[in-house]
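Me: Please walk me through this structure. I will ask short questions and want the reasoning with each answer.

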Amino acid sequence: MRLVTGNDLPTGDVVWWAGGGWSRHIAEAVDAGDRAEAIAREEEAARRVNVPYVIEATATPEGPRPAHIKDRIRALGPTVRTDLTLKPADPNAGSWVI
């Protein structure tokens, strides 16, 4: 099966083409088949998604399973540890502008 994925414009969340729109849950993704590239182009042109692309996947009882490990990790959702994120910039420190 062929899935279309990308990032939601307002939030940056990973989203999956669900047939009539986008879902944050890969279990709701549908096989876009031969229309996958066209869907990606149309949705990007309409500014509903950022940098959509097509991936290969296998249908399982739990839902689609991406063929590539990178896309399986994306499907799991955010993996960033909040305790390791950068701290907000100190407003009193100024900034370098070149």
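**Asp8 and its surroundings**

Reply: Start with Asp8, which sits in the loop between strand E1 (2-7) and strand E2 (14-17). The model is predicted. Its average pLDDT is 85, and 79% of the residues score at least 70.

Me: Is Asp8 buried or exposed?
Reply: The cut-off for buried is under 20% relative accessible area. Asp8 has a value of 15%. Asp8 is therefore buried.

Me: Which side chains make polar contacts with the side chain of Asp8?
Reply: One polar contact, of 3.1 Å, runs to the side chain of Arg24. Arg24 also appears among the residues that Asp8 touches beyond four places in sequence, along with Asp13 and Val15. Another polar contact, of 2.7 Å, reaches the side chain of Thr11. The partners are Arg24 and Thr11.

Me: What is the relative accessible area of Val15?
Reply: Val15 belongs to strand E2. Setting aside neighbours within four places, its contacts include Val4, Asp8, Trp22, Arg24 and Val49. Val15 is buried, at 2%.

Me: How many Å separate the C-alpha atoms of Val15 and Ala75?
Reply: Along the chain, Val15 and Ala75 are 60 residues apart. In space, their C-alpha atoms are separated by 8.6 Å.

**Salt bridges and strands**

Me: Which residues are linked with Arg2 in a network of salt bridges?
Reply: Arg2 forms a salt bridge with Glu37, with the closest N and O atoms 2.4 Å apart. That pair links strand E1 to helix H1, 35 residues apart. Arg2 also forms a salt bridge with Glu56, at 3.5 Å between the closest N and O atoms. The network thus links Arg2 with Glu37 and Glu56.

Me: Why does the pair of Glu56 and Arg2 tie together parts that are apart in sequence?
Reply: Glu56 is partly exposed, at 45% relative accessibility. Glu56 lies in strand E4 and Arg2 in strand E1, so the pair ties together parts separated in sequence by 54 residues.

Me: Which residue of the salt bridge between Lys70 and Asp71 is buried?
Reply: The closest N and O atoms of this pair are 3.9 Å apart. Lys70 is partly exposed, at 43%. The residue with a relative accessible area of 5%, and so buried, is Asp71.

Me: What is the bridge partner of Ala59 in E5?
Reply: Strands E4 (residues 50-60) and E5 (residues 63-66) pair in the antiparallel sense over four bridges. They form a hairpin with two residues between them. In E5, Ala59 has as its bridge partner Pro64.

Key
Residues numbered from 1 in each chain as written. Predicted model: local features only at pLDDT ≥ 70, side-chain atom pairs only at ≥ 80, totals over all residues. Heavy atoms only, no water. Buried < 20%, exposed > 50% of the residue type's maximum accessible area, 1.4 Å probe, protein only. Polar contact = N/O pair within 3.5 Å; in protein donor to acceptor, adjacent residues only side chain to side chain. Contact = heavy atoms within 4.5 Å. Pairing = 2+ DSSP bridges. pLDDT = per-residue confidence, 0-100. Salt bridge = Lys/Arg side-chain N within 4 Å of Asp/Glu carboxyl O.
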